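I set out to record what I looked up in this structure, beginning with its aromatic residues. The entries follow in the order in which I made them.

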Amino acid sequence: MKKYRCMICGYIYDPEQGDDTQGIAPGTPFEKLPDDWTCPLCGATKDQFEEIEG
């Protein structure tokens with residue numbers, strides 16, 4: 001699965017790990033995150049993330 005980096009703070013969303021701070025289960029692709037999901041470090045919205053080489 002593809003990883004995504006926050007362009008504001010550099011946080012990497014790794015779908016294999018999910019985001020336990022917001023109840024996102026491991027194995028959840030970035031595209032399936034809720035529209036109101038935000039970066040757990042800085043609060044950036046999904047449109048402020050870029051796909052990176054995994």
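Entry 1. I looked up the burial of Phe 30 and Trp 37 and found both residues buried. I note at the outset that the model I am reading is predicted. For Trp 37 the relative accessible area is 2%, which is under the 20% that marks a buried residue, so Trp 37 counts as buried.

Entry 2. I then searched the whole structure for aromatic pairs and obtained six. One of them joins Phe 30 and Trp 37: the ring centres are 6.1 Å apart and the planes stand at 85°, so I recorded this pair as edge-to-face. I also examined Trp 37 with Phe 49, where the centres lie 5.3 Å apart and the planes are at 55°, so this pair is tilted. The pair of Trp 37 and Phe 49 links distant parts of the chain, the two residues being 12 residues apart. I placed Trp 37 in the loop between β2 (12-13) and β3 (49-52), and Phe 49 in strand β3.

Entry 3. I asked which residues the ring pairs join into a cluster. They are Tyr 4, Tyr 13, Phe 30, Trp 37 and Phe 49. Over the ring of Phe 30 I found the charged end of Lys 46, 5.5 Å from the ring centre.

Entry 4. I turned to Phe 49 itself. Its relative accessibility is 8%, and Phe 49 therefore counts as buried. Setting aside residues up to four places away in sequence, I listed its contacts, among them Tyr 4, Arg 5, Met 7, Tyr 11 and Ala 44. Phe 49 also belongs to the largest nonpolar core, which has 11 residues in all and includes Cys 6, Ile 24, Leu 33 and Cys 39.

Entry 5. I next looked up Arg 5, which lies in strand β1 (residues 3-6). Arg 5 has a relative accessible area of 33% and is partly exposed. Beyond its neighbours within four places in sequence, Arg 5 is in contact with Gly 10, Tyr 11, Ile 12, Gln 48, Phe 49, Glu 50 and Ile 52. I also noted a separation of 9.5 Å between the C-alpha atoms of Arg 5 and Cys 39, which are 34 residues apart along the chain.

Entry 6. Last, I checked Thr 28, in the loop between β2 and β3. Is Thr 28 buried or exposed? Its relative accessibility is 17%, so I entered Thr 28 as buried. The side chain of Thr 28 reaches the backbone oxygen of Ala 25 at 2.7 Å. Neighbours within four places aside, Thr 28 is in contact with Tyr 13, Pro 15 and Leu 33.

Technical notes:
Residues numbered from 1 in each chain as written. Predicted model: local features only at pLDDT ≥ 70, side-chain atom pairs only at ≥ 80, totals over all residues. Heavy atoms only, no water. Helix = DSSP H or I, 4+ residues; strand = E, 2+ residues; numbered from the N terminus. Buried < 20%, exposed > 50% of the residue type's maximum accessible area, 1.4 Å probe, protein only. Contact = heavy atoms within 4.5 Å. Phe/Tyr/Trp six-rings, centres within 6.5 Å; stacked < 30°, edge-to-face > 60°. Lys NZ or Arg CZ within 6 Å of the ring centre and 35° of its normal. Core = buried A, V, L, I, M, F, W, Y, C linked by side-chain atoms within 4.5 Å. Polar contact = N/O pair within 3.5 Å; in protein donor to acceptor, adjacent residues only side chain to side chain.
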